[in-house]
Amino acid sequence: MNNLLKLSFLVIPTVYFSQNFAVSSIPEELKNKANIVVRNDVSTYVINSIDNMEIDHQNVFTVMNKAGDDDATVVIPYDKSTKVSDIKVQILDADGKVIKKYSKSDFTDVSSVSAGALYQDDRILYLHYIPVNYPYSISYSFHVKTPNTIFLPDFYPFLEYNKSIENSKLNIINKSGIKLRTKNVESVFAKVLASGDDNNLVYTYQNVPAIEKENYSPSLKMILPKVQFSLEKFNLEGKQGDMANWTTFGTWMYNNLLTPVSVVTPEIKAEVAALNLTGTTSEKVKKIFQYMQNKTRYVNVSIGIGGWQPMIPDDVRRKGYGDCKGLTNYMKTLLDAAGIKSYYSVIWSDETPLSFDPDFPKMGGNHVILMIPTEKETIWLENTSQQIAFNHLSYSTTDRNVLAVKENGIDIIKTPVYKPEESQEIIKTKVILNEDNSIDLSSDFYYSNAQYDFNMPLVGLSKEDAKEALKGRYDHLKISNLEVNNINNDKDKAQLTYDAKFKVNDYSKKLGNDMFFRVLPLLETSNINSNEERMLPLSLSFSYQDIYETEFVLPSGYKVAEKPMPIVLSSEFGNYNLDFKVDGNKIFVNRKITISKGNFPKEKFKAYADFRKKTANFDNMKILISKQ
């Protein structure tokens, strides 16, 4: 959902120009692994009333090397309701001396989203400095005035890797008389210092070392400390509401965001009537959903109350496009016309499961889906894709909660969790071994649920593009004569299948009358370094099961020198099996690995890396055959 965090810029760091910002004054522990060091970041929010908030930002940060340039752009988002003023930027050399100054006129003003977006009011001012030498520092400040008090930032030390904090401070001065709720989420990675009283809050992070990205680690939002804020009464584009609890907030959302744009028009009634719906509730929902998919497409749209309100359903019907809000609300309105109850559901879509806090009502989320309770099951609909299966949520929206908006409030509901055997990759391959060391392969591919999601980009590709995609996936092989056929997207079962035929040169090796070859041609393996000094927890982000069934046909006159023994590995992370069968001139290799998602302390990483190192060694096993 575009614009869900439209004031996220309010946590951009700040600056005190009078301090010494020479690079030599940075503590050595803050330089370690840091591309950027935030020297002094002070943000002050003054809540004057329910519809008047002012924010001052002052920030200085030092860019240590070229790798920090991408995060060194000064970005100030705004919209038609947000007034930005007093923009000042200075560039400092390594000694902390000012070498260049900029003002608002030097910034570029562009839309905050892609050129393909429609009706977009959100914009950004940005300034990108091209350095001559490293290190250098950027200091900047600006003032913001907004009537929208619904958006108060979560205060993190940082949300980027390779960034350290010398000093970061957030001040909130509440003059409104409205209760301001706070919640402190602690973490071992940093400590926030709190002072002040209920109406004059001060939170500070000091001397927080940089964190370097590590394989299989969770989102920084899941592991870093934060302080949350929420006004019990708020304003959003002239619509005032109550956020004392999820019930009052949900009622406000229903009455102000959804009801005005959820009208079942005669045209929408006629659309649904023309579908001649029969059967169970699930069958009716599927027919409406697939009808909606076939006539709409996703386009980023930001209109309505602060970009949070969906397009009018009749506009989506006529124009054939909408964003996640508009398409979901259109689908909801079609179901309303059919007499089927459904719930507009706000969610965090992310590879790492992010959920709403049941005890802390707060505006949030970045996506919208639809939930439909039926007599037999709960149906979940992702409405932005023309290709996705019915009642299927991708791995980026499973295993977390949603805010299901109802007439009398909000229900916080958990989305489905896929078991490993429900997210499968199954590859059945027949391999003909040739004496010239090449092999001819015929393979059938099957993917379900999370692995269905990963392979969805194949759907709709031309044959040539599909061939290039498959070559890219198996670039460890010397592929020729590739054919990819029968790509089938089963929208009823969330399953994707296709088949391929191809030749691979230089696959096997000869040693006199012997030939040896790898037992798993379609699996590229890589080792995980178990010796690294791990800092972050281990996160296995989704469950899956891979099954490879491979039949090798030996060249004439060859026999297996020695059949390998079966392999069985078990761990707390999953299981691995590799089995062999010899039948005449054929070798059958069956490999299955099952991995369960989960979060583990960093001390478990070595055990996981060792487990995967063992599986990789067995995946690279060779079989020796001899000519008789």
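Colleague: What makes up the lining of the second largest pocket, and which residues lie nearest its centre?

Modeller: The lining has 39 residues, with Y216, F542, Y544, D546 and R612 nearest the centre. This is a predicted model, so local features need pLDDT of at least 70 and side-chain atom pairs 80 or more, while totals for chains, interfaces and linings use all residues. Numbering runs from 1 along each chain as its sequence is written, and side-chain values use heavy atoms, leaving out hydrogens and water.

Colleague: Why is that one called a pocket, and the space lined by Y395 and K597 a cavity?

Modeller: On a 1 Å grid over the protein atoms alone, a cavity is a set of points where a 1.4 Å probe fits but cannot get out, whereas a pocket is an open set with protein on both sides within 12 Å along at least five of seven lines; lining means an atom within 4 Å of a point. The second largest pocket holds about 1000 Å³, and the largest cavity about 80 Å³. F542 is on both lists: it lines the cavity and sits among the residues nearest the pocket's centre.

Colleague: How do you know which element gives the pocket the largest share of its lining?

Modeller: Helix 10 supplies five residues, the largest share. That helix spans 605-619, and strand 32 (544-553) is one of the others giving at least two.

Colleague: What makes the pocket's lining mixed by class?

Modeller: It has 17 nonpolar, 12 polar and 10 charged residues, with Asp, Glu, Lys and Arg counted as charged and Gly among the polar ones. The largest cavity's lining has five nonpolar, four polar and two charged.

Technical notes: Grid points are joined across faces, edges and corners, and a volume is the space filled by probe spheres set on the points. Helices (H or I, at least four residues) and strands (E, at least two) are DSSP runs, numbered from the N terminus.
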